[in-house]
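Grab a pencil and work through these exercises one at a time. Try each task yourself before you read the solution.

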Amino acid sequence: MNTELKSKIIKEFAKNFTEEPMLIFSPGRINVIGEHTDYNDGFVFPAAVDKGIIAAISKSSHTESVTIASDLNEKFEFSVEGVKPIIGGNWRNYILGVVGEIQKKGLQVGNFNLVFGGDIPDGSGMSSSAALENSVVFGLNELFKLGLTKEEMIFISQKAEHNYVGVNCGIMDQYASMFGIKDHALLLDCRTTVATPFLIDFNDFELLLINTNVKHSLADSAYNNRRAVCENVASLLNVKALRDVTEEDLLTIKDQISEEDYQKVLFVVQENNRAQAASEAMVANDIEKLGELVFGSHNGLQHQYKVSCDELDFLVDLAKDCDDVIGSRMMGGGFGGCTINIIKKGKATAFVEKVAPLYKEKFNKECSPYSVNISEGTHKIV
Ligand code: GLA
């Protein structure tokens, strides 16, 4: 955990409030493979990282709650009575959403003081939003003794995102952030929300993230649109979700949908198979196979599901040309954020030194490499 960030949050809390706060760390996540499968009841393969949100939270004796977004230097005052989403409210809606969704369950929260800050770059596709939601629901659960299980908390976080932020996300980000296990990736069945942990040990290889530092604005609407396509086709096939469908099933309705939509749902079915195959490759210690699946995932995200962008494709193409990288793909919702790469140990610096100037020349922008450690999920910092 970032000790500098921790002291900054503690100081800022003390500057603004007199109460003694509870401190919470809630991580962001990576995803090895299984993209856009979570809202299709499918499989994903995420892991929590050592970057995320640190929140300091206490009860308040006032009639208002005060939240300070430390990185943005913004303060927000509201009452927990009658919360509703704010148009253009940005980060405020994550806080309001969590409060509102807790209340929807018939539980009472009082007013509170909150200071939060993070070290996941916004738009990096590492889910700072789920980290924030989880830190708030976790903190409120402790403070007001709500008796929520972690499982209930992640669904509150997800609903906050649906109903207050307007993104109909799946459960991967909230799950990984809450339930992360140090050094393990979690093969999560998003239908049952049961996960199998796999030790991340790639022999001679390691993970490297490269941030494109772009987030194209159509991301949220395109996300909801993809989800709607998947749900329409599932209902056409009379199944609960695309998780229940094979490639052969899709052929039976191919002439009832557009070629574009057919490719999208075909991607989901194939990506779901890739995520499961990836876990088999990890058990068999076949890292080359895992790499192939990761390249295959990007190919589908780019050409079939169409959620990539030039910047991501450029980085993945350079990875394909480099013998030290055996797998590379865009990670997260798409339209920007990071690529995740499986690279020979000790070769990351050389690869980044090669890629960075080419990226700069092409897009007139820097890309940023991150190495992350796989960490445990949302917890109290003592
Ligand atoms: C975003 C969403 C997740 C998931 C990914 C794509 O991160 O929040 O639920 O759908 O995109 O895999």
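**Exercise 1. Decide whether Asp173 is buried or exposed, then find its salt-bridge partner.**

Step 1. Asp173 has a relative accessibility of 17%, so it counts as buried. Here, buried means under 20% relative accessible area, exposed means over 50%, and partly exposed is in between, using a 1.4 Å probe and protein chains only.

Step 2. Before going on, note that this is a predicted model: local features need pLDDT of at least 70, side-chain atom pairs count only at pLDDT 80 or more, and totals for chains, interfaces and linings use all residues. Residues are numbered from 1 along each chain as its sequence is written, and side-chain values use heavy atoms, with hydrogens and water left out.

Step 3. Now the partner: Asp173 makes a salt bridge with Arg29, and their closest N and O atoms are 2.7 Å apart. A salt bridge is a side-chain nitrogen of Lys or Arg within 4 Å of a carboxyl oxygen of Asp or Glu.

Step 4. Look at where the two sit: Asp173 is in helix H5 (residues 172-179) and Arg29 is in strand S1 (residues 22-31), so the pair, 144 residues apart, links distant parts of the chain. Helices (H or I, at least four residues) and strands (E, at least two) are DSSP runs, numbered from the N terminus.

Step 5. Arg29 is buried too, with a relative accessible area of 3%.

**Exercise 2. Work out how Glu260 and Lys264 are placed in helix H8.**

Step 1. Glu260 and Lys264 form a salt bridge, with the closest N and O atoms 3.8 Å apart.

Step 2. They are 4 residues apart in H8, so about one helical turn separates them. An α-helix has 3.6 residues a turn, so residues three or four places apart point the same way.

Step 3. Check the surroundings: Glu260 is partly exposed at 45% relative accessible area, whereas Lys264 is buried at 7%.

Step 4. Try the idea again in helix H10 (residues 310-320), where Asp317 and Lys320 lie 3 residues apart, about one turn of the helix. Their side chains meet in a salt bridge at 3.7 Å, N to O. Asp317 is partly exposed at 39%, and Lys320 is partly exposed at 42%.

**Exercise 3. Test whether the span of helix H6 agrees or disagrees with its residue count.**

Step 1. The expected span of a helix is 1.5 Å times one less than its number of residues.

Step 2. H6 (residues 219-236) has 18 residues, so it should span 26 Å; its end C-alpha atoms are 26 Å apart, which agrees.

Step 3. Now see what is hidden: the buried residues of H6 include Ala222, Tyr223, Arg226 and Val233. Among the elements covering the buried residues are helix H4 (150-165) and strand S9 (205-215).

Step 4. Just after H6, Asn238 takes a positive phi of about 60°.

**Exercise 4. Describe strand S4 and the strands it pairs with.**

Step 1. In S4 (residues 65-69), 5 of the 5 residues are buried, so the strand is largely enclosed by the rest of the structure.

Step 2. Ser65, Thr67 and Ala69 point one way, while Val66 and Ile68 point the other way.

Step 3. S4 pairs with strand S5 (residues 74-78) in the antiparallel sense over 5 bridges. Two strands pair if DSSP finds at least two bridges between them. In S5, Lys75 is the bridge partner of Ile68.

Step 4. The hairpin of S4 and S5 has 4 residues between the strands, and Asn73 there takes a positive phi near 60°.

Step 5. S4 also pairs with strand S6 (residues 112-118), this time in the parallel sense over 4 bridges. Val66 stands opposite Asn113 in S6.

**Exercise 5. Find which backbone atoms the side chain of Asn111 reaches.**

Step 1. Locate Asn111 in the loop between helix H2 (92-104) and S6. Asn111 counts as buried, at 11% relative accessibility.

Step 2. The side chain of Asn111 reaches the backbone oxygen of Thr63 at 3.2 Å.

Step 3. A polar atom of that side chain also lies 3.1 Å from the backbone nitrogen of Val80.

Definitions and conventions:
Contact = heavy atoms within 4.5 Å. Polar contact = N/O pair within 3.5 Å; in protein donor to acceptor, adjacent residues only side chain to side chain.
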